[in-house]
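Open the model in a viewer and keep the sequence panel visible. The stops below say what to select and what is there.

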Amino acid sequence: MPIDVEAAVISNTRLSDDYNVVALAAPEVALLARPGQFVMIKPSRGIDPLLRRPFSIFEILRDPGGAPTGISLLNKRIGAGTGLLYDVPSGGRVGCLGPLGRPFEPIESPAEAWMVAGGVGLAPFVTLAEALKARGTKTRLFYGARRAADLTYVELFESMGVEPVLATEDGSRGARGFITAPLDTALAAVPRSHDLRLYACGPTPMMRAVAELAASHGRRCDVSLEQVMGCGLGGCYSCVVLTRTPGTAPHFVRSCIGGPVFDATRILWDALAH
Amino acid sequence: MDLSVAIGSLTLANPLIAASGCFGYGVEYADVVDLSLLGGVAVKGLFLNEREGHPPPRIVETPAGMLNAIGLQGIGVHRFVREKLPELRDRRAVVIVNICGTTIDEYCEIARILSDHAGVAAIELNISCPNIKEGGITFGCSLTGTHDVVSAVRKVTPLPLIPKLTPNVTDVASFARAAEEAGADAVSLVNTFLAMAIDVHTRRPKLSNIVGGLSGPAIRPIAVRMVYECRQAVKLPILGMGGIATADDVLEFMIAGATAVQIGTANFVDPFLWKKLLDGIRAYMTRHEITRLTELTGTLDTAKRETAWISS
């Protein structure tokens, strides 16, 4: 059951001219959160902008004793709402409704988990990595961005025992080009007998490419899709994704309650806005 | 303190109704709201059969509002009575079923099916969706069309019948009058205002359907005016809506002439708003020594003008 809190902003850490991380005091939300879930954020009071915005829960914040105290959000400034969140001051308050959505299913050892992130698509993977670590599942992070400055929090993943594989479009860190190239190489190097699941989040063309690679290597891939969302609770039918189920006609599924995590083979990628 | 209101033969515990299209089938919200505390729940518009609706993008935000062109995606009346109605009944929701048709026969068929099932409190006739080409608004934009569909459905159901009117006409009041003459028990107004938004860089429409319906606080003053006009024209109870987000907004619509109100877009922003609205209404009743809320309806004092704004 989601709850709504007026969460105090503990800190706003600018990572670059576009990216920031906002820490929110929201212990009730943190306590309920499962890997890959999201919250609906109202970055300002008032009616313009009017609607909330969906954000993956980035980190679960904890006190020294390990009790959840809040959550953080990884934000990329794109429009009015994300711009307000980029500028939100410490001590300010934002509306935080959640946790919401179908979570990731962390795969169990001896299977391996490979997380594939593009840019701000890194956001749902900290909580997934924690859940995988708790299960002792060997985990890799394939992480691509435009430039080195946009590759953030790699050390956090390393501290959780996650092996990072990096790529930047300009070659300033890791492999030059898209992250799908090193992913393809790595997939080809794993024997078929070794169980493996992919988890992907990032720009739609990236997720589509990852889904196609996964299919060609015979691996399951779960994707976390970001759609324009009105309510986050299944009320408005705006965040739909066209999906297929064998034997039935394509069907629009609400990504807020039917997702945001989907088995990639269900997605009709040509119909997805990006 | 009595917050109850009467819509024809139907008595609601309070005047707050979740607006159709903004509350799924109600069951989606059962985790966050006690559905039995709402005056009513108007469920998402149902055709006879399932529909997929428009491709995304289906909504876009605009100043103090939003456009939507969902295209009435829905599960159809048969699946509704099988899959959703039992839970709504168990949760003691007062269910107002919004129905859509491409023909008068389709409206009648859906109304007949609903009349055979326990747990349906009223039927709201959607003759005003701006986002679909066929049916619906073709009835709602013609006085004879409105009259014909209301009187046809009137003949097949004993349930309270509430046509939902479009604001996209020159004179909404004449449509309220047509509905009244055809035997409606109440009217809902207004549906969304036909509108559009364009990305100037790509020169593309921001909605896949090109045009959509504007809702939210941006439309509220126009909707209040339309409720006021309809109040002069008909004796029917009016279910007023358009941008309601606070208790004051509810009261404004009631003073303009609404017996009950519907809340849509604001529920997206704050799904917990119902209790806040009820608390605000009760505080107002205490302050103004009102014991029966329904006495507020249509009490606009036009003899004097409010002048406080001059100094504010």
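**The core**

Start by selecting M115(A), V116(A), V210(A), V41(B), V187(B), V227(B) and V261(B): within the largest nonpolar core, which has 189 residues, these touch the most other members. A nonpolar core here is a set of buried Ala, Val, Leu, Ile, Met, Phe, Trp, Tyr and Cys residues joined through C-beta atoms within 7 Å. Buried means 20 or more other C-beta atoms within 10 Å of the residue's own, exposed means 12 or fewer, and partly exposed lies in between, with C-beta atoms placed from the backbone. Next select helix 6 (residues 204-216) of chain A, which gives the most to this core, with seven residues. Helices (H or I, at least four residues) and strands (E, at least two) are DSSP runs, numbered from the N terminus.

Now centre on V210(A). Leaving out residues up to four places away in sequence, V210(A) touches V116(A), T180(A), L183(A), L198(A), A200(A) and C221(A). Contact means that the C-beta atoms of two residues, placed from the backbone, lie within 7 Å. In soluble globular proteins, nonpolar side chains tend to be buried together.

**What kind of model this is**

This is a predicted model, in which local features need pLDDT of at least 70, side-chain atom pairs count only at pLDDT 80 or more, and totals for chains, interfaces and linings use all residues. Residues are numbered from 1 along each chain as its sequence is written, while chains are lettered from A and ligands numbered from 1 in the order in which they are written. The scores are ipTM 0.93 and pTM 0.95. Colour chain B by pLDDT, the predictor's confidence in each residue from 0 to 100: the average for chain B is 95, and 96% of the residues score at least 70.

**The mixed sheet of chain A**

Select strands 8 to 13 and 16 of chain A, but follow them in the order 11-10-9-8-12-13-16: these seven strands form an open sheet with mixed pairing. Two strands pair if DSSP finds at least two bridges between them. Strand 11 (175-176) and strand 16 (261-263) of chain A are at the edges with a single partner strand each, so each has one side without a neighbour in the sheet.

At one edge, strand 13 (residues 220-224) and strand 16 of chain A run antiparallel and are joined by three bridges. Pick S224(A) there; its bridge partner in strand 16 of chain A is V261(A).

Two helices can now be added. Helix 5 (residues 180-189) of chain A packs on the sheet and touches strand 8 (112-118), strand 9 (139-145), strand 10 (163-168) and strand 11 of chain A, making about 140° with the direction of strand 10 of chain A. Helix 6 of chain A also packs on the sheet, touching strand 8, strand 12 (196-201) and strand 13 of chain A, and its direction makes about 165° with that of strand 13 of chain A. Axes are lines fitted to C-alpha atoms, for helices over the stretch in contact, and angles run from 0 to 180 degrees between N-to-C directions.

**The antiparallel sheet of chain A**

Move to the seven strands in the order 4-3-7-1-2-6-5 of chain A, an open sheet with antiparallel pairing. Which strands stand at the edges? They are strand 4 (53-56) and strand 5 (59-62) of chain A, each with a single partner strand, so one side of each lacks a neighbour in the sheet.

On strand 4 of chain A, show R53(A) and F55(A) on one side and P54(A) and S56(A) on the other; all are buried, and both faces are covered. Strand 3 of chain A runs antiparallel to strand 4 of chain A, with four bridges, and F38(A) stands opposite S56(A).

At strand 5 of chain A, four bridges lead to strand 6 of chain A, again antiparallel. L61(A) is opposite G70(A). Five residues lie between the strands of this hairpin, where G66(A) takes a positive phi near 95°.

**The contact between chains**

Finally, show both chains. The contact takes 29 residues from chain B and 26 residues from chain A. On the chain B side, strand 5 (59-62), strand 6 (65-68) and helix 8 (265-269) each supply at least two residues.
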